[in-house]
Amino acid sequence: MELQHFSHQHPLVFIEERGNENGKVYCSGCGEMVSGPDFSCVDCGFHLHKQCAEAPSEMNHPFHRNHSFNLLKQHPYIGECPCDFCDQSCNDFVYHCSCNLDLHIKCALFSFNIPDKKVAEFQHISRIDSLMPYSVIKETKDGDNVVATEIKHFGHEHNLVLSNDMSDDKNCDGCVLSIFTCYYGCSECCFFLHKSCAELPRKMHLWFDLHPKLHPLTVDRIFRCCICEYESNGFAYTCYACDSDFCLRCALVSDNPICEGHEHRLPYYKYEALCNACGRSLDWPFRCKGCNFALDSKCLTLPLTARHNKSDEHPYKLTYHDNKNYPESNYCDICEEERNPNHWFYHCTICDNSAHPECALGKYAFFKLGSIYAKGDHPHPLTFVHMVHHYPECHRCGYRCLDLALECKTTGCSYIVHWECIKPRGL
């Protein structure tokens, strides 16, 4: 079998298995040593892994849907060209986009197949561990599928085990939303990840960001999302070029999303409209043209449920229509101010309480309570808590802790402080 490849002037002959007598040869596409089937030009010493030789000349990559990548024999720049997935220099074949986004051929192929978990054919790549969000410790077969039942995720120090136990209220340490589906959990501490959050790639292109480079997934930090403007201690996709962070709820919204509050897709485009959920004026809405229905990004990503201290143990549910016709019901039971019955709100059917979204969520809706904060000038690790029993006084300002606070759980230490009193400047 022969192949005429664009990168070489002579036909390449397929070699099923390479014998040891030929010595070590290296792939001209990825630079890795050839150890499996390949296409070769023996006279020129030109070799390509079978995967590299059969790689498509044009690729529509799931991390960068705005443009297609073209496969080049070498990058088009003068000087160095770092791969936007692994940050290593591109010295061989490269997938290049007109917006100056570049990927090694192996990085492009590997990351393209991450959503489908078709990674077995790329396991020989030396930098594979730095690209995957987790390594598999144990797995099992479920029909034709292989399911990872225990993993080591890069964002946590302990192994995580797949579980369907919904007996307790749990929040995901990635998106910080409630867990109602299967998840990976830590048996040594209260760390949990939705299965979908655990599988998120370590780098991803964000279609709405002006910078075309892949955005790394960052963990173990506190940030303010540049879209919804909430502070969070969950996972974020970060743009270092503009010093911006995007929470998972906002980062994973597509440019043509669906929403439970409307039956049709909502493409994102320039148009002057009013948000149907909150009434704000918009220049760039997510909008259904046929229904003249528009949402801003903050309303589009509202969680389906919310908890607030005044609702006792019952969660509020995001509600899109108010069927009550009497004016007395059009008030928020948290702030006790009037609310617009035509706008979205949160409602508890058990208590018959309703609330503005901003009241039901509060200022710190996307902080994972129970998480550890090891920065600051206190000698012990501090735990994020909310509305501490007996409302003790803050050691910094002296006022009672009625909101998000950091408490020392060390035996014999009664230190507690408002988050607002010690949080870093710039948040």
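How many cavities of 30 Å³ or more does a search of the whole structure find? The search finds 1, and I will come back to its lining in a moment, after saying that what we have in front of us is a predicted model.

The volume of the largest cavity is about 50 Å³. Among the residues that line this cavity are Gly-174, Cys-175 and Val-176, together with Ser-232, Gly-234 and Phe-235, and the lining also includes Cys-247, Leu-248, Arg-249 and Phe-366.

Let me turn now to the sheet at the start of the chain. Four strands form an open sheet in the order S1-S2-S3-S4, and their pairing is antiparallel. The edge strands here are S1 and S4, each of which pairs on one side only. Between S3 and S4, which run antiparallel, there are 4 bridges, and Cys-41 stands opposite Phe-46 in S4.

Phe-46 brings me to Ser-7, which sits in the loop between strand S1 (2–3) and strand S2 (12–15). Is Ser-7 buried or exposed? With a relative accessible area of 5%, Ser-7 falls under the 20% cut-off and therefore counts as buried. The side chain of Ser-7 makes a polar contact of 2.7 Å with the side chain of His-5. If we leave aside neighbours within four places in sequence, Ser-7 is in contact with Phe-46 and Leu-48, and also with Lys-73 and Phe-93.

Leu-48 in turn leads us into the largest nonpolar core, which has 35 residues. Leu-48 is listed among those with the most contacts inside this core, along with Phe-69, Cys-83, Phe-85, Tyr-95, Leu-103 and Ile-105. The elements that give two or more residues to the core are strands S2, S3 (38–41), S4 (46–49), S6 (69–72) and S7 (94–96), as well as helices H1 (50–53) and H2 (105–113). Of these, H2 provides the largest share, with 5 residues.

To see how one member of that core is placed, consider Leu-103: not counting residues up to four places away in sequence, Leu-103 touches Phe-69, Cys-83, Phe-85 and Tyr-95, and its contacts also include His-61, Asp-84, Val-94, Ala-108 and Leu-214.

There is also a second, separate core, made up of 34 residues, which includes Cys-247, Cys-250, Ile-334 and Trp-344. Cys-247 is a residue we have already met, as one of those lining the largest cavity, and with that link between the second core and the cavity lining I will stop.

Methods: Residues are numbered from 1 along each chain as its sequence is written. This is a predicted model: local features need pLDDT of at least 70, side-chain atom pairs count only at pLDDT 80 or more; totals for chains, interfaces and linings use all residues. Side-chain values use heavy atoms; hydrogens and water are left out. Buried means under 20% relative accessible area, exposed over 50%, partly exposed in between (1.4 Å probe, protein chains only). A polar contact is a pair of N or O atoms within 3.5 Å; within protein, one must be able to donate a hydrogen and the other to accept it, and residues adjacent in sequence count only if both atoms are side-chain atoms. Contact means heavy atoms within 4.5 Å. A nonpolar core is a set of buried Ala, Val, Leu, Ile, Met, Phe, Trp, Tyr and Cys residues joined through side-chain atoms within 4.5 Å. Two strands pair if DSSP finds at least two bridges between them. On a 1 Å grid over the protein atoms alone, a cavity is a set of points where a 1.4 Å probe fits but cannot get out, and a pocket is an open set with protein on both sides within 12 Å along at least five of seven lines; lining residues have an atom within 4 Å of a point. Grid points are joined across faces, edges and corners, and a volume is the space filled by probe spheres set on the points.
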